[in-house]
Each structure stands twice: as structure tokens, then as C-alpha cells.
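Trainee: I have a model open on my screen and would like to talk through its pockets and packing. Could you take my questions one at a time?

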Amino acid sequence: MFRIKSSFKDKIEIKAPLPVVRNFFSKLTNFTDMLPGVESIRRETAGVMRWTITTDTPVGNVRFSFPVRETSPNSHTIEWSPALNEDQNLLKYSLRLEEQNGHTVVDVSQQVELRRKRAWELHPGVGLMTETRLSNALQRRINDAIQSFLDRVKERLENIS
């Protein structure tokens, strides 16, 4: 099995009340508008949302589709996990929100895993590269995109509060 993995974890404090922050992150259009690489998010049957994400890799631009379902355990967590029966393009992200003195601390966690029987099934050029090299490249791109997104979200929410 050929696997490429990436994860991101960080905390950010936003000088805005928790309901404002939760409302912002609950609107999926904010991700397509502000998160680099998120091309589209569309609703499918049975509560599945399909995220289409593009990114540059060492072998060129690639596009992947991630079917996810909401798995939020409580009102202070926004969580999306791979759709049932998905075994190739796995995306899980979680935002845990905590109010502190009128501000909101957001604990962000995201994991991406791409699984294929053979490397070239991801992209014809991938067969020439190792899982580690591709995972490291993906990790850098995801980290940069999410950090840029969080910086933009913080700026936007702090300026409207």
C-alpha cells in the first residue's frame, strides 16, 4: 500500500466571542473563499460533503476529492471525518473552541492521508518518488495554506468584532 500523510496542529486566539467564531467556521463557503487550494465543497446524499482540493506537488498540480461527514461531538467542536466506506482520500479536521475572557481559543487539527495500491495511481510521476518525499512536500504545502487561512480568519474576525 502506498500512503502519503500530512497533519497540522495549532492553536490560535481570536479576539472575538465564541458564537461569532463558531458561526464563521460553520459556514463552509468561508473555506472555499479563504483557504488556498480548496476548490469547492458540495453537498451529496446521506450528509456527505465532498471537498475538492488542488495543490502543487513535486510532480505537478494534483486534484483530490475528499468525501467527509460531520462528526462534531458537541457544540464547542466542529469536526469532519472521512465518509463511511471511504478508504482512499481521507480528510479529518477538528476545531475545538474555548471562550476565554471574551476571546476564543481555537485548537485546530487536520490530518490528510492518500492511500493507493501503487504510487502511480495517485499521479503518473509519483512512481519515481518515495512516500516520505511526497509526504514532506504535502506537509509543507498544507501547513502554509492552513497558517495563511488562520491568519486571514483572525484578521477578519477581529476587525468585525
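Trainee: Which residues does Gln 110 touch, leaving out those up to four places away in sequence?

Mentor: Happy to start there, and keep in mind that this is a predicted model. Gln 110 sits in strand E7. Leaving out residues up to four places away in sequence, its contacts are Ser 6, Ser 7, Phe 8, Leu 91, Lys 92, Tyr 93, Ile 142 and Ile 146.

Trainee: Is Gln 110 buried or exposed?

Mentor: The relative accessibility of Gln 110 is 15%. Buried means under 20%, so Gln 110 counts as buried.

Trainee: Which residues lie nearest the centre of the largest pocket?

Mentor: That pocket has a volume of about 400 Å³, and 27 residues line it. Gln 110 is one of those nearest the centre, and its contacts Ile 142 and Ile 146 are there too. The full set nearest the centre is Leu 35, Ile 53, Gln 110, Ile 142 and Ile 146.

Trainee: Which element gives the largest share of that pocket's lining?

Mentor: Two or more lining residues of the largest pocket come from each of strands E3 (48-57), E4 (60-70), E6 (89-100) and E7 (103-116), and from helix H3 (131-160). The largest share is seven residues. The element that provides this share is H3.

Trainee: How many residues of each class line the largest pocket?

Mentor: Gln 110 belongs to the polar class, and the lining of the largest pocket has six polar residues. The complete count by class is 20 nonpolar, six polar and one charged.

Trainee: Which residues are closest to the centre of the second largest pocket?

Mentor: Here the volume is about 170 Å³. Helices H1 (18-26) and H2 (29-34) and strands E2 (38-43) and E5 (77-82) each give two or more residues to the lining of this second largest pocket. Of its 15 lining residues, the closest to the centre are Phe 25, Ser 26, Leu 28, Glu 70 and Trp 80.

Trainee: What is the make-up of that second lining by class?

Mentor: Glu 70 is of the charged class and Trp 80 of the nonpolar class. Both are among the residues closest to the centre of the second largest pocket. Its lining has six nonpolar, six polar and three charged residues.

Trainee: Which residue in E5 is the bridge partner of Glu 70?

Mentor: E4 and E5 run antiparallel and are joined by three bridges, with a hairpin of six residues connecting them. E5 is mostly covered, as five of its six residues are buried. The partner of Glu 70 in E5 is Trp 80.

Trainee: And which residue in E6 does Trp 80 stand opposite?

Mentor: E5 and E6 also run antiparallel, joined by four bridges. They form a hairpin with six residues between them, and Asn 85 in the turn has a positive phi of about 75 degrees. In E6, Trp 80 stands opposite Tyr 93.

Trainee: What kind of aromatic pair do Phe 31 and Tyr 93 form?

Mentor: Phe 31 is in helix H2 and Tyr 93 in strand E6, 62 residues apart, so the pair links distant parts of the chain. Phe 31, at 5% relative accessibility, counts as buried, and so does Tyr 93 at 7%. Their rings are 5.5 Å apart centre to centre, with 50 degrees between the planes. That pair is tilted.

Trainee: Which residues make up the aromatic cluster with Phe 31 and Tyr 93?

Mentor: The whole structure has seven aromatic pairs. The cluster consists of Phe 24, Phe 25, Phe 31, Trp 51, Tyr 93 and Phe 149.

Note on methods. Residues are numbered from 1 along each chain as its sequence is written. This is a predicted model: local features need pLDDT of at least 70, side-chain atom pairs count only at pLDDT 80 or more; totals for chains, interfaces and linings use all residues. Side-chain values use heavy atoms; hydrogens and water are left out. On a 1 Å grid over the protein atoms alone, a cavity is a set of points where a 1.4 Å probe fits but cannot get out, and a pocket is an open set with protein on both sides within 12 Å along at least five of seven lines; lining residues have an atom within 4 Å of a point. Grid points are joined across faces, edges and corners, and a volume is the space filled by probe spheres set on the points. Rings of Phe, Tyr and Trp (its six-membered ring) pair if their centres lie within 6.5 Å; planes under 30 degrees apart count as stacked, over 60 as edge-to-face and the rest as tilted. Buried means under 20% relative accessible area, exposed over 50%, partly exposed in between (1.4 Å probe, protein chains only). Two strands pair if DSSP finds at least two bridges between them. Contact means heavy atoms within 4.5 Å.
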